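The following exercises concern one molecular structure. Please study the sequence and the structure before reading each worked solution.

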Amino acid sequence: MRKSIRAFTSEIVPADVVQGVVLGASRAPSSKNTQPWKLLLVQGAALENLRADYLAAFNSGKGMSFEYVYSPDPLPEAYKKRAVDLGKAFLIHKGIGREDKEKRREHDSENYKFFGAKQVFFLALNKGEYNSGTFLDCGLFLQALITELHNRGLGCCPQYSVMAYPDLLRKHIPNTENQMFLLALPFGYPQADHIVNAFVTQRESLETFFRVVE
Ligand SMILES: Cc1cc2nc3c(=O)[nH]c(=O)nc-3n(C[C@H](O)[C@H](O)[C@H](O)COP(=O)(O)O)c2cc1C
């Protein structure tokens, strides 16, 4: 069963394995075979520099500036409940009390460290070359990427939160002025015994979203 992985070993995924993952994901379907996705792999010194700037930005309370809005605002009640339940369950799983502000901040800061991953994919689009359906194509590509990683025993966690500082992404990832970043995907070999990787999220029952018409 796939689940999000948020703790990785320090082992680097070899370039040929990464190539296989990306090639496999490139078979994702897209409307009229337009393949609008752009994928960047950031690793090594570039990633360490980005990570340091990200953490400094988060710790200093730098203003967040998202280039696209992910969810309806306000969230529909049912979605809000699921989001709140997720947050609560994750903190309980990690043994963090709701009142423990320091531990909660530490927990939040893990996002801005890209969960310590040694390699991070960034999914992007060319600015001005998208409409709502283009995001669906990119979502299909993202899921294909996640599945290709999973099938090789690798783990990953999609991250919208880190889209908060596009200026820092452009500072550390050259030639991206004309691209809009959609999502980060830290990936690597899962740390098998790490508590965060033992967290399993709930799902709604089929009746809540699936119906057969005949
Ligand atoms: C578009 C998208 C953005 C996400 N952003 C974050 C994020 O910023 N931080 C995080 O820890 N998890 C993030 N997640 C992971 C979700 O919380 C996770 O997929 C969901 O709770 C279901 O858990 P599972 O992936 O383990 O099945 C994101 C997932 C998606 C699809």
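**Exercise 1.** Compare the reach of helix α4 with its expected span.

*Solution.* Helices (H or I, at least four residues) and strands (E, at least two) are DSSP runs, numbered from the N terminus. Helix α4 covers residues 101-112, which makes 12 residues. The expected span is 1.5 Å times one less than the number of residues, here 16 Å. From first C-alpha to last, α4 reaches 17 Å, close to that value. After α4 comes phenylalanine 114, with a positive phi near 55 degrees.

The model is predicted: local features need pLDDT of at least 70, side-chain atom pairs count only at pLDDT 80 or more, and totals for chains, interfaces and linings use all residues. Residues are numbered from 1 along each chain as its sequence is written.

**Exercise 2.** Determine the strand order of the sheet and identify its edge strands.

*Solution.* Two strands pair if DSSP finds at least two bridges between them. The open sheet has 4 strands in the order β1-β2-β4-β3, with antiparallel pairing. The edges are β1 (38-43) and β3 (155-156), each of which pairs on one side only. Between β1 and β2 (residues 119-126) there are 6 bridges in the antiparallel sense. Leucine 40 stands opposite phenylalanine 122 in β2.

**Exercise 3.** Classify the residues that surround the ligand.

*Solution.* A residue counts as near if its C-beta atom, placed from the backbone, lies within 6 Å of the molecule. The surrounding residues include Lys3, Asn111, Tyr160 and Leu183. Ala, Val, Leu, Ile, Met, Phe, Trp, Tyr, Cys and Pro count as nonpolar, Asp, Glu, Lys and Arg as charged, and the others, Gly among them, as polar. The shell therefore has 5 nonpolar, 5 polar and 1 charged residues.
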